[in-house]
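Here's a quick tour for anyone opening this one for the first time. Have a look at the model, then read on.

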Amino acid sequence: MKVSTARCNDLITIGDDRFQVKLHSDFIPRPGQFMLARFWTSTYPYLNTVVFPTTTESDGFTLEIKSDHPQSVDLSPGAKVDLIGPCGQPVIINRSANHLLLVAHNSPSKLLPFAQLALERGVDVTLLVSCSYPLESLDPRIEVHQGELPPLLENHFAWAEQVLMDFRPEPIIHKLLDSISSNTYVLCGTLFPCGVGACHGCTIYTKTGWKLACKQGPFFQLSELHIEVE
Ligand code: FES
């Protein structure tokens, strides 16, 4: 478990309800990993905020936070941020992939490090998103489609060589993606009370048994997951 202190370099408003927080940090999460952040001082160990980077640089990373987040008031340029992590396992982007598909039910922010890495490698990136989002804040090289996810997926999954999803797919989508389920990664949970495998509050039942999302995830192959029938 790595514990460090980062410093807030800048806050940039995006859209009308969120902003980007630029952190100077010695530890940089890789795509798929998260950090536990604390924007204020307390000795209670379970009040961290789970943060996924949106982009990374050699000396820090950027995260996205909603303006109404209770801890956003503690953030300002120069403020210290206590960090634990990187936590979880990174997801490797296939070297042979030419086209990456990102699918988000809510904010796509947790998937954006994959877009950054793929674009750096010259891989095409398409994002399907079903919520409203300040799209002007995204890299213009990302092809974006907004709307209902099942029909969007039906139109776009055939050419995708790797898929990253920030929502648990219903059976119909599970079936649709069956042929590429081992190249489809699903974010399983974003609540990690301890983030380090101690509390067992993030267990996921997979085809190979119980797993801790904070240690062995948080992204799991779709082929590993049970179809959730309601
Ligand atoms: S969050 Fe505590 S074990 Fe995973």
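Let's start with a yardstick: a residue counts as buried if 20 or more other C-beta atoms lie within 10 Å of its own, as exposed if 12 or fewer do, and as partly exposed in between. By that yardstick His200 counts as exposed, because it has 11 C-beta neighbours inside 10 Å. Keep in mind that what you're looking at is a predicted model. The chain is assigned two domains, domain 1 (3-87) and domain 2 (99-224).

**How the two domains meet**

- Measure from C-alpha centre to C-alpha centre, and domain 1 and domain 2 are 21 Å apart.
- Domain 1 puts 18 residues into the contact, and domain 2 puts in 20 residues.
- Which strands of domain 1 each supply at least two residues to the side that touches domain 2? They're strand 3 (34-38), strand 5 (53-57) and strand 7 (80-87).
- Strand 5 gives the most to that side of domain 1, with four residues.
- Sort the residues on the side of domain 1 that touches domain 2 by type, and you get ten nonpolar, seven polar and one charged.

**The seven-stranded sheet**

- Seven strands make up an open sheet with antiparallel pairing, and their order is 4-3-7-1-2-6-5.
- Strand 4 and strand 5 are the edge strands, each pairing on one side only.
- Going from one strand to the next, the twist averages 35°.
- Strand 3 and strand 7 are antiparallel partners over four bridges, and one place to spot this is Ala37, whose bridge partner in strand 7 is Leu83.
- Strand 3 also runs antiparallel to strand 4 (residues 49-51), with three bridges joining them; here Met35 has Val51 of strand 4 as its bridge partner.
- Strand 7 pairs with strand 1 (residues 3-14) too, again in the antiparallel sense, over five bridges. Look for Val3, which stands opposite Ile84 in strand 7.
- Why is strand 3 described as largely enclosed by the rest of the structure? Four of its five residues are buried, so there's your reason.

**The nonpolar core**

- As a rule of thumb, nonpolar side chains in soluble globular proteins tend to be buried together.
- The largest nonpolar core here has 54 residues, and the members that touch the most others are Met35, Leu102, Val103, Phe114 and Leu164.
- Both domains feed this core: domain 1 (3-87) and domain 2 (99-224) each give at least three residues.
- Met35 is worth a second look, since you've already met it as the bridge partner of Val51 in strand 4.
- What does Leu102 contact, once its neighbours within four places in sequence are left aside? The list is Pro108, Leu111, Phe114, Ala115, Val125, Leu127 and Leu164.
- Two names on that list, Phe114 and Leu164, also sit among the core members that touch the most others.

**Gly85 and two cis peptide bonds**

- Gly85 lies in strand 7, and so does Pro86.
- The peptide bond joining Gly85 and Pro86 is cis, with omega at about 10°.
- Is Gly85 buried or exposed? It's buried, because 24 other C-beta atoms lie within 10 Å.
- Leaving aside neighbours within four places in sequence, Gly85 is in contact with Lys2, Phe27, Pro29, Gln33, Phe34, Met35, Leu36 and Gly195.
- Compare Gly85 with Thr5: they're 80 residues apart in sequence, and their C-alpha atoms are 11 Å apart in space.
- Another cis peptide bond joins Gly217 and Pro218, with omega at about 5°.
- To find Pro218, go to the loop between helix 4 (213-216) and strand 15 (219-221).

**Around His200 and the hairpin**

- You'll find His200 in the loop between strand 12 (184-187) and strand 13 (203-206).
- His200 isn't a glycine, yet it has a positive phi of about 60°.
- Strand 13 runs antiparallel to strand 14 (residues 209-212), and four bridges join them.
- In that pairing, Thr203 stands opposite Leu212 in strand 14.
- Strand 13 and strand 14 form a hairpin, and two residues lie between them.

Key
Residues are numbered from 1 along each chain as its sequence is written. This is a predicted model: local features need pLDDT of at least 70, side-chain atom pairs count only at pLDDT 80 or more; totals for chains, interfaces and linings use all residues. A nonpolar core is a set of buried Ala, Val, Leu, Ile, Met, Phe, Trp, Tyr and Cys residues joined through C-beta atoms within 7 Å. Domain bounds come from an automatic or database domain assignment. Two residues are in contact if their C-beta atoms, placed from the backbone, lie within 7 Å. Ala, Val, Leu, Ile, Met, Phe, Trp, Tyr, Cys and Pro count as nonpolar, Asp, Glu, Lys and Arg as charged, and the others, Gly among them, as polar. Two strands pair if DSSP finds at least two bridges between them. Axes are lines fitted to C-alpha atoms, for helices over the stretch in contact, and angles run from 0 to 180 degrees between N-to-C directions.
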